[in-house]
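The following note sets out points for a colleague who is examining this model. It begins with the loop residue that prompted the reading and then turns to the sheets and the chain as a whole.

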Amino acid sequence: MARVPVPKRLLDALSDDPPGAVRSWLDALPETVEQQLAAWELTLERVSTPGGRRGLVALVRQADGTPAALKFPVPGPDAERERAALAHWDGWGAAQLLRADPDTGALLIERLHGTVSLRSLPEAKALLEAAGTVRRLWVAPPEGHPFASINGRTEEDREVLRMLGAGGWTAEARPLTEEALELREALPAEPPEEVLLHGDFRQGKVLAGERAPWLAVGPAPIVGERAYDLARLVLDRYEDLAAGPGPAAAARRRVAKLADSLDVDRDRLRGWSLYRAVEAGLRHAAAGDRRRAELLLEFAGWL
């Protein structure tokens, strides 16, 4: 059998990691995949490319010929949280978790149509379907769950945002950065609810399926209020919004429409949308992608 290829995107993403558990996992990954294929009697079709930066996904066939996706997340707390979330949803609004191996971290997941996401639909239809999908994911978390809170996740971002917003051309956006940081302090102080969230919900994370028309994949699950999850959806296709007429008014209409359709407070959704736009914009700036950074910071200003 030919050696299982590791996608370049994953190799590049982990190339700067110091020697340790993750590097050892990456070095052993081809052999680990082969062993898992044998253990679960799976036939490899191909490794998904370009793939993601936080794991390897292989398209496989089960012993009875049923297609599935075999995923190996980068080891760590995030991998355990993804498994726990998929298991808790049990196929409700998300891809079904079929099997999990606690030793290798492997996840056997219902295969969806990876090339057909909500981004293939006209925007109005995509937002409608996205709202219907994310509504199903918002359930009470299980007892003793491993998920972080919104407060915990954003606490890690606070000093990063201060540093990123302090130098270079992004210093021009300091008022937006300060507003985002103020919102980060105020919004988690009195959360209106504590539900399980996808954490990275956007149109590209909702794929066409056979069992249901649309199902979510790739969660970065956390526990908190729905407005935080919905804020990432507000930012979807921000490039298209910026290129259209009256983008500021269109952005505010999007917030109002999504808030009203899912019974979420408009002001809280506007606040989390601004926060997530600034956070994403500053991170793109740090990565050298000035075009996306400027668009996201401009988007935040429209709100």
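**Note on the predicted model**

1. Glutamine 96 is placed in the loop that runs between helix α3 (77–89) and strand β4 (97–100). The model is a predicted one, and the values below should be read accordingly. With a relative accessibility of 19%, glutamine 96 counts as buried because the limit for that class is under 20%. Its side chain makes a polar contact of 2.7 Å with the side chain of aspartate 90. When residues up to four places away in sequence are set aside, glutamine 96 touches Asp90, Gly91, Leu108, Ile109, Glu110 and Arg211.

2. Strand β5 (residues 107–110) pairs with β3 in the antiparallel sense, over 4 bridges. Within this pairing, alanine 68 stands opposite glutamate 110 of β5. Glutamate 110 is also one of the residues that glutamine 96 touches.

3. Is strand β3 mostly covered or mostly uncovered? Strand β3 spans residues 67–73, and 6 of its 7 residues are buried, so that the strand is mostly covered by the under 20% criterion. Strand β2 (residues 55–61) is joined to β3 by 7 bridges, and the two run antiparallel. In this pair, leucine 56 faces phenylalanine 72 of β3. The two strands form a hairpin with 5 residues between them, and glycine 65 in the turn has a positive phi of about 90°.

4. Leucine 56 also links this hairpin to the start of the chain, since valine 6 touches Leu56 along with Leu11, Leu26, Leu29 and Pro30, not counting residues up to four places away in sequence. Valine 6 lies in the segment before helix α1 (8–14). Valine 6 has a relative accessible area of 17% and is therefore buried. The C-alpha atoms of valine 6 and glycine 51 are 9.3 Å apart in space, while the two residues are 45 residues apart in sequence.

5. Which strands stand at the edges of the open sheet β6-β9-β10? This sheet has 3 strands in that order, with antiparallel pairing. Strands β6 (113–117) and β10 (214–216) are at its edges; each has a single partner strand, so one side of each is left without a neighbour in the sheet. From one strand to the next the twist averages 55°. Strand β6 pairs with β9 (residues 206–208) over 2 bridges in the antiparallel sense, and histidine 113 has alanine 208 of β9 as its bridge partner.

6. A further open sheet of 3 strands has the order β7-β11-β8, and its pairing is mixed. Its edge strands are β7 (148–149) and β8 (195–197), each of which pairs on one side only. Helix α7 (residues 226–234) packs on this sheet and touches β8 and β11; its direction makes about 20° with that of β8. Strand β7 runs parallel to β11 (residues 222–224), and 2 bridges join them. The bridge partner of serine 149 in β11 is valine 223.

7. Proline 221 lies in the loop between β10 and β11. Its relative accessible area is 4%, and proline 221 is therefore buried. Apart from neighbours within four places in sequence, proline 221 is in contact with Arg81, Glu82, Ala85, Phe147, Arg153, Leu196, Leu197 and His198. The C-alpha atoms of proline 221 and aspartate 200 are separated by 7.7 Å, with their positions 21 residues apart along the chain counted as the sequence separation.

8. How does the overall extent of the chain agree with that of a compact globule? For 303 residues, such a globule would have a radius of gyration near 19 Å; the chain has 20 Å, which agrees. Along the principal axes, the C-alpha atoms fill a box of roughly 55 × 40 × 40 Å. The secondary structure amounts to 11 helices and 11 strands.

9. Burial and contacts may be summarised for the chain as a whole. Of its 303 residues, 48% count as buried. Among the contacts with a separation of 6 or more, 69% are between residues 24 or more positions apart. The accessible surface comes to about 14500 Å², and carbon and sulfur atoms account for 51% of that surface.

How values were computed:
Residues numbered from 1 in each chain as written. Predicted model: local features only at pLDDT ≥ 70, side-chain atom pairs only at ≥ 80, totals over all residues. Heavy atoms only, no water. Pairing = 2+ DSSP bridges. Contact = heavy atoms within 4.5 Å. Axes fitted to C-alpha atoms, helices over the stretch in contact; angles between N-to-C directions. Buried < 20%, exposed > 50% of the residue type's maximum accessible area, 1.4 Å probe, protein only. Polar contact = N/O pair within 3.5 Å; in protein donor to acceptor, adjacent residues only side chain to side chain. Rg over C-alpha atoms; globule rule 2.2 N^0.38 Å. Areas by Shrake-Rupley, 256 points an atom, 1.4 Å probe, with all protein chains shown as cover.
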